[in-house]
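Trainee: I would like to take a close look at one part of this model, the place where two of its helices pack together. Could you also set that part in the context of the chain?

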Amino acid sequence: MPYPPSSRIPPGPRRRSLLASAAGAALLTGCSAGSDDGGTGPSAAARARARAARDSRGLLGHYDAVLAAHPGLAERLRPLRAQVAAHAVAFEEGTTATATASATAAASGTGTASASAVAVPAGEKEAVAGLAAAERALADRRAGELLKVPGELARLLASVAAAGAAHAYLLTEGAR
């Protein structure tokens, strides 16, 4: 006799659905290589990678600003901040040595991401909600770029977009 389904259904997206959507997006993208610009200037993939690194550094600055304004959130936000820093480093792989060095410094917490560039609400709950919104918006934007970039970068974008969606969920659910 099978067990009846649980009457308690947790809110929000399930981990399986997040992973399945990221994997499905990566599969839809397929594998491609090469530059679409005929060799003049950076390729579309290089521009997308640079934009993703810049976006991750911006999000890192948002985390730093919230942590500076609300040190009581450090235990909750530091693991997510560390993952965002790792995403910036991953996107900067293969770029100039200066960009990689600055990303490594940012990952260690001594980075160049400006904590003062982001306005942080006075309340912790509102500050965390702002971070969740930033994570969600960036994850959505990255998911939208998947079909425009070659295979390996698309897989990286899909993975980081799924992580961003999970971060947004954790930030939202943790506030309840």
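Trainee: To begin with the surface, about how much area does the chain expose, and what percentage of it do carbon and sulfur atoms supply?

Mentor: The model is a predicted one, and in it the chain exposes about 10000 Å², of which carbon and sulfur atoms supply 61%. Of the 176 residues of the chain, 35% count as buried. The chain holds 6 helices and 0 strands, and among its contacts with a separation of 6 or more, 77% are between residues 24 or more positions apart.

With that background, we can turn to the packing of helix H2, residues 44-69, with helix H5, residues 124-145, whose axes come within 10 Å and cross at roughly 175°. Angles over 145 degrees count as roughly antiparallel, and H2 and H5 are therefore roughly antiparallel to each other. On the H2 side, the contact is made by Ala48, Arg51, Ala52, Asp55, Ser56, Leu59, His62, Tyr63 and Val66, while H5 contributes Ala127, Gly130, Leu131, Ala134, Glu135, Leu138, Arg141, Arg142 and Glu145. In an α-helix there are 3.6 residues a turn, so residues three or four places apart point the same way. Sorted by class, the contact between H2 and H5 has 9 nonpolar, 3 polar and 6 charged residues, with Leu59 of H2 and Leu138 of H5 among the residues that make it.

Key. Residues numbered from 1 in each chain as written. Predicted model: local features only at pLDDT ≥ 70, side-chain atom pairs only at ≥ 80, totals over all residues. Heavy atoms only, no water. Helix = DSSP H or I, 4+ residues; strand = E, 2+ residues; numbered from the N terminus. Buried < 20%, exposed > 50% of the residue type's maximum accessible area, 1.4 Å probe, protein only. Contact = heavy atoms within 4.5 Å. Areas by Shrake-Rupley, 256 points an atom, 1.4 Å probe, with all protein chains shown as cover. Axes fitted to C-alpha atoms, helices over the stretch in contact; angles between N-to-C directions. Parallel < 35°, antiparallel > 145°, perpendicular 65-115°, else oblique. Nonpolar A, V, L, I, M, F, W, Y, C, P; charged D, E, K, R; others polar.
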